[in-house]
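Please follow the account below with the model open. It proceeds through charged pairs, a helix packing contact and an aromatic pair.

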Amino acid sequence: MPNQSPFDTTQNIFQNRDVLDVDDYQPEQLIERDEQIDEYASALEPILNGWKPNNIFVYGKTGTGKTATTHYMLNWLRHDIQEQSSAVEGSDKKDSNTTSSTNLEVVYLNCEALTSSYQVAVELLNDLRDEAHQVATRGHAPNDIYNWLFEEIDNRNGVVLVVLDEVDHIGDDDTILYQLARARSTNNLKNSNLGVMGISNDFSFREDLSPKVRDSLCEKEILFPAYNATELTEILKRRAEKALYDDAYDLGVLNSSAAYAAKDKGSARQAIDILRNAGDLAQKKDLDTITPDLVKEAKGIVERGRVSEMIGGLSPHGKYALHGLAIASKNNETPIRTKELYDYYRIVCQREQTDTLSVRALRDHLAELDLIGIAKEDQRNAGRGGGKYKQFDLDVKVDAVIEAFKSDTDVHHSMDNSF
DNA sequence: GATCCACAGGAAATAGTGGCTT
DNA sequence: AAGCCACTATTTCCTGTGGATC
């Protein structure tokens with residue numbers, strides 16, 4: 001093969017790009033989260049004695065280290081239990097009654113796609129059961145599911161720790177939490193101890209729980225505040241040391257990446273994403289260093305990516321509502337109140353040749369847009385004669401929205417011919 | 001301090017999908 | 001096949017609400 005390979009593997013920027021992969025890379029050291037680790041430790045410690053741990057409720061926005069810290073703690077927990085059991089085996093095998101080790105089963109479940117208590121219960125049950133005894137996601141009586149679930153847990157003869165990430169997706173039916181949190185007192189469990197950890201990025205979720213559930217689920221609460229720019233810089237330093245070549249970046253680059261993210265959501269994910277993208281840009285342009293300009297460009301890329309992702313998760317009418325809002329924004333008519341936005345929405349529906357939904361339905365879609373953070377709502381009250389109403393505006397750049405709609409299959413008419 | 005506006009948003013009903021048990 | 005069940009997206013109906021104005 002005389003020709004040169006089309007692959008260019010020379011690296012000026014990254015010594016290990018994977019370190020900047022937010023989803024896959026688990027740092028072995030967590031920084032800026034000592035307080036939370038201590039609180040976790042004290043709540044989980046009883047497990048090492050085979051006792052019931054405190055139920056824990058964890059909350060904080062995305063990218064504040066909830067999931068990373070949780071996995072970090074679970075790894076330590078498994079590690080310590082493992083050591084315990086090998087210590088027992090090493091000692092007197094016959095007399096294991098007194099020093100027996102603890103059986104621990106951790107069930108980690110991300111509830112992102114699960115919208116009801118029922119679905120969570122089925123999912124948990126299937127996680128505990130083997131391949132041959134899986135149950136279907138519909139068609140069973142709820143009580144059967146719960147009974148089977150407790151049967152499985154009780155069979156474990158040890159401690160079962162159920163971790164429910166993104167619990168707020170369950171919605172307002174908290175039966176599963178109620179069942180799990182109170183399993184002990186209702187005598188459903190005789191041989192096992194059950195601990196529940198709920199992780200949520202919605203602060204209000206805790207308030208919406210029924211009082212009984214709140215008391216038992218929130219025995220221990222751990223709050224993950226957003227990172228400030230200084231903390232983000234520290235985090236980036238750690239990552240950059242491993243991910244990048246020393247002379248490929250300077251402190252200024254880390255500072256500005258951190259600053260952009262801190263100003264927006266205070267999310268470590270975002271800061272790391274910006275840095276990685278800046279590195280990719282430098283690589284593509286065959287540069288030896290990451291420049292401030294590239295960081296700025298990377299910030300734009302990350303924001304556009306976020307917007308596309310959010311739009312991708314919307315239902316068709318959610319998209320039409322957003323499209324209407326974007327047109328209004330282009331027309332400099334935002335913030336716009338619901339009633340007027342309805343007109344824009346109707347136009348979008350006409351052009352997409354779909355039926356227009358009621359105002360009530362639009363209100364639900366707009367609430368959804370606010371929830372995911374692509375739009376922001378603002379309640380106003382003009383008093384007697386004016387009344388109470390809401391105003392909406394985009395919470396991201398209009399151009400990012402327009403860009404994202406160009407590659408969307410549900411919206412066929414781009415904004416370019418929207419006027 | 002009572003009034004009253006323009007909505008917000010809860011509740012129930014409806015319709016359609018799909019899967020269970022017997 | 002009949003009679004269950006869960007879930008989603010929607011409509012219709014209606015009660016609740018906060019503060020500028022009277």
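Glu303 is buried, its relative accessible area being 16%, a value that falls under the 20% limit for that class. In this predicted model, the residue forms a salt bridge with Lys397, and the closest N and O atoms of the two are 3.9 Å apart. The bridge links distant parts of the chain, since Glu303 belongs to helix α11 (residues 292-312) while Lys397 sits in the loop between β8 (388-394) and α15 (398-406), 94 residues apart. The partner differs from Glu303 in its class of exposure: Lys397, at 47% relative accessibility, is partly exposed, whereas Glu303 counts as buried.

A further charged pair involves helix α15. Here the side chains of Asp399 and Lys330 meet in a salt bridge, with an N to O distance of 3.8 Å. Because Asp399 lies in helix α15 and Lys330 in helix α12 (residues 316-330), this bridge ties together parts of the chain that are 69 residues apart in sequence. Asp399 is partly exposed, with a relative accessible area of 48%, and Lys330 is likewise partly exposed, at 40%.

The next pair lies within one helix. Asp273 and Arg276 are joined through their side chains by a salt bridge of 3.1 Å, taken from N to O. Both residues belong to helix α10 (residues 268-284), and because they are three residues apart they are separated by about one helical turn. How accessible is Asp273? Its relative accessibility is 16%, so Asp273 counts as buried. Arg276 also has 16% relative accessibility and is therefore buried as well. Beyond its neighbours in sequence, up to four places away, Arg276 touches Phe14, Arg17, Leu20, Asp21 and Val22.

These pairs belong to a wider set. Side chains of opposite charge can pair when their charged atoms come close. The structure holds 17 salt bridges. Some residues are joined in a network: Glu105, Arg129, Glu152 and Arg156 are linked by salt bridges in this way.

Helix α11, which carries Glu303, also takes part in a helix packing contact. Helix α9 (residues 251-264) packs against α11 at an angle of about 35°, and the axes of the two helices are 10 Å apart. The crossing of α9 and α11 is right-handed. Which residues of the two helices meet? On the α9 side they are Val253, Ser256, Ser257, Tyr260 and Asp264, and on the α11 side Val295, Lys296, Lys299 and Arg306. By character, the residues of this contact comprise three nonpolar, two polar and four charged.

Aromatic rings provide the last topic. A search of the whole structure finds two aromatic pairs. In one of them, the ring centres of Phe57 and Tyr59 lie 5.4 Å apart and the ring planes stand at 45°, so the pair is classed as tilted. The reasoning rests on the cut-offs for the angle: planes under 30 degrees apart would count as stacked and those over 60 as edge-to-face. Are the two residues of this pair buried or exposed? Phe57 is buried, and Tyr59 is buried too.

Methods:
Residues are numbered from 1 along each chain as its sequence is written. Chains are lettered from A and ligands numbered from 1 in the order in which they are written. This is a predicted model: local features need pLDDT of at least 70, side-chain atom pairs count only at pLDDT 80 or more; totals for chains, interfaces and linings use all residues. Side-chain values use heavy atoms; hydrogens and water are left out. A salt bridge is a side-chain nitrogen of Lys or Arg within 4 Å of a carboxyl oxygen of Asp or Glu. Helices (H or I, at least four residues) and strands (E, at least two) are DSSP runs, numbered from the N terminus. Buried means under 20% relative accessible area, exposed over 50%, partly exposed in between (1.4 Å probe, protein chains only). Axes are lines fitted to C-alpha atoms, for helices over the stretch in contact, and angles run from 0 to 180 degrees between N-to-C directions. A crossing is left-handed if the near helix is turned anticlockwise from the far one by less than a right angle, and right-handed if clockwise. Contact means heavy atoms within 4.5 Å. Ala, Val, Leu, Ile, Met, Phe, Trp, Tyr, Cys and Pro count as nonpolar, Asp, Glu, Lys and Arg as charged, and the others, Gly among them, as polar. Rings of Phe, Tyr and Trp (its six-membered ring) pair if their centres lie within 6.5 Å; planes under 30 degrees apart count as stacked, over 60 as edge-to-face and the rest as tilted.
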